[in-house]
Amino acid sequence: MARTRPTAWWRTSTAGLAGLAALGGAFAAGTAWGDGGNGAGTRALTPTPTGSAHLALASGPVRAATDCADLLDHYVTGSTDLVGPWGWGGDAPVYPVFAGPMELGGVRRDAPVPTAAALPTLQRSTSSGTGTNVQEAGVDEPDVAKTDGSLLVRVHDHVLTTYDVGGAAPRRLGSLDVPREITDPELLLVGDRVVLLGNDYDPQDLRATRTHQLDVDVSDPSTPTLVDTRTYSARLVSARQHGDVVRLVLGVGLPSLDFVQPTGRRGQEAATRRNREILRASTIGDWVPRVTTADGSAPVADCADVAVPAGAPANGGVYVAGFHPGSPGTASTTGLATDTDLAYESTDRLYLATGGFAATWCCQPRDLAVPQDDWGRTDVHAFALDGTDTTYVASGTVDGVIADRWSMDEYDGVLRVAVGPSPATGNFNSILTLREKGTNLVLVGQLHHLGDDE
């Protein structure tokens, strides 16, 4: 689907997942500000009428994959231009251009903008009932230690240790060794269960990162017992606890395929043709991650449970698994067929921001899986949280970069977003407020030119 370059600051989507009822709900009119005066490095902004429900078309509809063949076609067709003589990266070899781990061909979306001042933190943090400082009250986050007031569980140096903290002084109760391959393990405490989580990095291939999930029974805290182990062939983007439900957000980038490279007998054009043949021969198993347990291995999600956003980079996927500790095998899993590391959860919503551009706002490395017309635009997808279920509800696209989860904040049905400079805007920051209207995220307020040229 061809994408046109919009002139409005905010574009809303026109369709949602097939088979999902559109969300109704009130649309609260907001005040929107535009600034026609342009400084250096900025572009003209059209003032938005107060209470506009639809400003312009978004990136296109979000639909459910009909089956695995449909999902595979999305990936192969959408990533063909990313394949060149050296494999992923198009016409030139891929070199890391972002600090920290990244998926080749993807975008590091939680990196800061080097040429601009750091965005102000939108923070409503508090302490959870387990003693962890969290972004949202009622939404617990993993930590190295958790307590319910009488029991404290700690993971340190790959040992999980339980303590009685109900008396005058802490008393050590028991311990359990944690596999050494788990990097920086953290835990959640849900009743008499501990969910221990951590990544397993392959320094030679970041795309081979795995996530380990351990279910530990601490009903007898003197003898912590490992009752279930799951390994996902995907990285852990985030983990959150809502009541007695744990929800994992897992990400996977472009797959490792057996690409060739130019040689003395095979030029760049021939290598590109061969590599694209290899891409067309890939299977859905190359793209959809798997979960491995003691009973075997299976795809993380059914293909029909994966949402396909039209026009978004076909650079991997994000999978959301909600489960009750003690019965992780009954997880409810939803997928989104594009990759991201930016996930924010409120008490009843998950927001995934994808396609943003988080290097210098003036320049764009050509190996990124983002069409040139979309440099510096960020798609935002909203999912409703209900028990273990995660259901797609709405989408929209914002011009600018969302730096990290602290730049997103939802309250009373309104998503507040701080966006930074990008090639689609100029060297300034902005604040936007958005609300769901059917399957659209629509703008209800905007304030631009915060920190010009900073």
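**Briefing: overall fold and the disulfide**

Of the contacts in the protein between residues at least 6 apart in sequence, 61% join residues at least 24 apart. The model is predicted. Its secondary structure consists of 3 helices and 29 strands, and the structure holds 1 disulfide, discussed below.

**Burial and surface**

- The protein has 454 residues, and 55% of them are buried.
- About 18700 Å² of the protein is exposed.
- Carbon and sulfur atoms supply 50% of that exposed area.

**The disulfide: geometry**

- The disulfide is formed by Cys68 and Cys303.
- The sulfur atoms of Cys68 and Cys303 are 2.1 Å apart, which puts the pair inside the 2.5 Å cut-off for a disulfide.
- The link of Cys68 and Cys303 is right-handed, with 90 degrees about the S-S bond.

**The disulfide: placement in the chain**

- Cys68 belongs to helix H1, which covers residues 68-79.
- Cys303 sits in the loop between strand S18 (296-299) and strand S19 (306-309).
- Because Cys68 lies in helix H1 and Cys303 in that loop, the disulfide ties together parts that are 235 residues apart in sequence.

**The disulfide: exposure of the two cysteines**

- Which relative accessible area does Cys68 have? The value for Cys68 is 34%, so this residue is partly exposed.
- Is Cys303 buried or exposed? Cys303 has a relative accessible area of 7% and is therefore buried, since buried means under 20%.

Conventions
Residues are numbered from 1 along each chain as its sequence is written. This is a predicted model: local features need pLDDT of at least 70, side-chain atom pairs count only at pLDDT 80 or more; totals for chains, interfaces and linings use all residues. Side-chain values use heavy atoms; hydrogens and water are left out. Helices (H or I, at least four residues) and strands (E, at least two) are DSSP runs, numbered from the N terminus. Buried means under 20% relative accessible area, exposed over 50%, partly exposed in between (1.4 Å probe, protein chains only). Contact means heavy atoms within 4.5 Å. Accessible areas come from the Shrake-Rupley method with a 1.4 Å probe; for residues, only the protein chains shown count as cover.
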